[in-house]
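Work through these exercises with the model open. Each task is followed by its solution.

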Amino acid sequence: MTVTSLRPRPEPAEVARVTSTAAELLEVLWGRASTAPASASQLRVLLILEHHEGINLRTLADSLASTPPSTSRLCDRLQAAGFVERVVSAADRREVRLHLSGRGRAFLADLRIRREQTLRAVLDQMPAAKRVALLQGLEAFCDAAAAQIHDDSDDSAASGTRTA
């Protein structure tokens with residue numbers, strides 16, 4: 001499946017189209033590695049908590065673009081499954097901080113292993129030079145995306161957006 005014609009300097013719109021196609025194919029491949037017993041929404045919560053250990057419910061709800069009651073119910077189910085722990089904040093007893101449990105971390109580690117196995121099967125079919133080019137491109141993409149996410153967070157903080 002060829003999704004692009006090779007040009008020395010592809011336009012950002014063409015790269016965005018091919019990247020979107022790759023992401024869709026990745027979702028299909030990753031769909032083969034079941035996320036049970038967590039739903040897709042619950043998995044998003046686990047991934048956010050992994051990167052923002054100890055955030056409060058309102059901040060998590062904002063990250064999910066959801067409401068606190070819906071987010072609380074998601075966390076209730078994750079806590080019942082043993083993936084999330086709620087801890088009362090030392091600074092404010094009314095605030096509850098959310099943490100991944102050991103079981104939640106083990107679940108994410110296992111899921112990543114299964115997903116990486118699926119990816120390795122695809123990458124094994126690629127020529128070595130193409131894998132090197134893919135790696136270099138993905139590293140640059142990750143750097144640019146992380147910088148944009150960081151800048152967006154700084155802009156939200158500077159504009160006075162309240163997250164907690």
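**Exercise 1.** Find what the buried residues of α2 pack against.

Solution. Start with α2 itself, residues 40–51. Its buried residues are Q42, L43, V45, L46, I48 and L49. Buried means under 20% relative accessible area, exposed over 50%, partly exposed in between (1.4 Å probe, protein chains only). Next, list their partners by contact: α3, α4, β1 (84–88), β2 (96–100) and α5 (102–123). Contact means heavy atoms within 4.5 Å. Helices (H or I, at least four residues) and strands (E, at least two) are DSSP runs, numbered from the N terminus.

This is a predicted model: local features need pLDDT of at least 70, side-chain atom pairs pLDDT 80 or more, while totals for chains, interfaces and linings use all residues. Numbering runs from 1 along each chain as its sequence is written, and side-chain values use heavy atoms, without hydrogens or water.

**Exercise 2.** Identify the salt bridge partner of E50 and place both residues.

Solution. The partner is R112, at 2.6 Å, N to O. A salt bridge puts a side-chain nitrogen of Lys or Arg within 4 Å of a carboxyl oxygen of Asp or Glu. E50 lies in helix α2 and R112 in helix α5, 62 residues apart. E50 has 25% relative accessibility, so it counts as partly exposed. R112, at 32%, is also partly exposed.

**Exercise 3.** Do the same for D76.

Solution. D76 pairs with R86, with the closest N and O atoms 2.7 Å apart. D76 sits in helix α4, R86 in strand β1, 10 residues apart. D76 is partly exposed at 38%. R86 is partly exposed at 27%.

Key: The expected span of a helix is 1.5 Å times one less than its number of residues.
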